[in-house]
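Subject: Structure handover and notes

Dear colleague,

I am passing on the structure we spoke about, with the sequence alongside. Please look it over first, and then read the notes below with it open in front of you.

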Amino acid sequence: MKAKLLVSAVVALACVSTASAAVIMQDDFSGYPYGSPIPAIWEADGSLGTNALIVPGGVSVNPDNSTPALRITTGAIPAARLFTPTMATDENPLVIQSDVYDGMYDDIYNTRQTMSLRTTGVNGSAGWFELGMYQNSTHYSTRAYLNGGAGWLTFPGAERAVGWHTLKMTLTSNVITWTIDMDRDGTPEYTTSATFLNTPTWDKIRVGGPSAGVNYPANWDNVVVETVPEPATLALLGLGGLFLRRRRA
Ligand SMILES: [Ca+2]
Ligand SMILES: [Ca+2]
């Protein structure tokens, strides 16, 4: 009898987790020829011109990424793409992530390239969150702006290193968590978070220069926007399933 209940709970959990995660937008830049301009779907903030090109990710870097990537280089405005307006909730946090190649070349301090979550103000609120390289020679940076709020902050402990890294931002109704997975093995080396008050409807992701044009290049790849149910919510739903089955029994 106990074994039966356990099986029921596991089945309930499995059903919920596969049914609820939802990809809103993704782009791995495959299918575009090398040397070609980025597709117009990424030009939400204006024409990117020829300073945003599809390039090989870089075969000589560790870890290897020889698949097509997006290079944002000198003179380019950031590449921005709109997605279905989505609110981040405690039950279904909004997750955006992208891989970035930090070459740490030229002027390391002045390399300003970030991944940004934004809103065009579809529910009247303005704001953005950022993660990446911003005027710091040794550490990555975060920024939170929601009708005021914190500016650029040094990411505690997150030391810059040459290579492909995964930048990720996870939002609930009032908490943002920034993580960096330095070797893209699925486990972030650095995590920091902050709380915020208002809850905009998010609808834009940007990579490249956080404010004006880009002065030093970076490559971007594997952009994903999705909602991922909280493990705590899954566990509760799973227990709910167990409870229902027990009552029936
Ligand atoms: Ca790719
Ligand atoms: Ca890692």
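I begin with the nonpolar core: the largest one has 45 residues, and those with the most contacts inside it are Ala52, Leu70, Ile72, Ala79, Met169 and Trp220. Strand β5 supplies the largest share of this core, namely five residues. Please keep in mind throughout that this is a predicted model. As a general point, nonpolar side chains tend to be buried together in soluble globular proteins.

Of the residues just named, Met169 is a good one to display with its surroundings: leaving aside its neighbours within four places in sequence, Met169 is in contact with Ile96, Leu117, Phe129, Leu131, Ile176 and Trp178.

Two more of those core residues, Leu70 and Ile72, lead to strand β3, where they sit on one side together with Pro68, while Ala69 and Arg71 sit on the other, and all of these are buried, so that both faces of the strand are covered. Put as a count, five of the five residues of β3 (residues 68–72) are buried. In a regular strand the side chains alternate between the two faces of the sheet. As for its partners, β3 is joined by five bridges to strand β2 (residues 52–56), the two running antiparallel, and within this pairing Leu53 has Arg71 as its bridge partner. Strand β3 also pairs with strand β14 (residues 218–227), again in the antiparallel sense and over three bridges, with Ile72 standing opposite Ala218 of β14.

Turning to the overall make-up, the protein has two helices and 14 strands, and 33% of its 249 residues count as buried. Among contacts with a separation of 6 or more, 65% are between residues 24 or more positions apart.

Six of the strands form an open sheet in the order β4-β13-β6-β7-β8-β9, with antiparallel pairing. Strands β4 (79–87) and β9 (152–159) stand at its edges, and because each has a single partner strand, one side of each is left without a neighbour in the sheet. From one strand to the next the twist averages 20°. Inside this sheet, strand β6 (residues 113–118) and strand β7 (residues 128–133) run antiparallel and are joined by six bridges, and Thr114 stands opposite Gly132 in β7.

Several loop positions may also be of interest to you. In the loop between β7 and β8 (139–145) you will find Ser137, which is exposed because it has 12 other C-beta atoms within 10 Å, where 12 or fewer is the limit for that class. Not counting residues up to four places away in sequence, Ser137 touches Ile108 and Tyr109, and its C-alpha lies 8.6 Å from that of Met104, although the two are 33 residues apart in sequence. Gln135 lies in the loop between β7 and β8 as well and is likewise exposed, with 12 other C-beta atoms within 10 Å; Gln135 has a positive phi of about 45° although it is not a glycine.

A positive phi is also found at Arg184, near 55°, again in a residue other than glycine. Arg184 belongs to the loop between β11 and β12 (190–195), and with 14 other C-beta atoms within 10 Å it is partly exposed.

Thr89, in the loop between β4 and β5 (94–102), counts as partly exposed, with 16 C-beta neighbours inside 10 Å. Leaving aside its neighbours within four places in sequence, Thr89 is in contact with Thr172 and Ser173. Thr89 and Val175 are 86 residues apart in sequence, yet 9.7 Å apart in space, C-alpha to C-alpha.

Finally, a word on confidence: the mean pLDDT of the protein is 83, and 78% of its residues reach 70 or more. Among its elements, strand β11 (residues 175–181) has the highest mean pLDDT, at 97, and helix α1 (residues 2–20) the lowest, at 49. Over residues 5–18 pLDDT stays under 50, and for this stretch the model has 20 contacts beyond four places in sequence.

With best wishes

Notes: Residues are numbered from 1 along each chain as its sequence is written. Chains are lettered from A and ligands numbered from 1 in the order in which they are written. This is a predicted model: local features need pLDDT of at least 70, side-chain atom pairs count only at pLDDT 80 or more; totals for chains, interfaces and linings use all residues. Two strands pair if DSSP finds at least two bridges between them. Helices (H or I, at least four residues) and strands (E, at least two) are DSSP runs, numbered from the N terminus. Axes are lines fitted to C-alpha atoms, for helices over the stretch in contact, and angles run from 0 to 180 degrees between N-to-C directions. A residue is buried if 20 or more other C-beta atoms lie within 10 Å of its own, exposed if 12 or fewer, and partly exposed in between; C-beta atoms are placed from the backbone. Two residues are in contact if their C-beta atoms, placed from the backbone, lie within 7 Å. A nonpolar core is a set of buried Ala, Val, Leu, Ile, Met, Phe, Trp, Tyr and Cys residues joined through C-beta atoms within 7 Å. pLDDT is the predictor's confidence in each residue, from 0 to 100.
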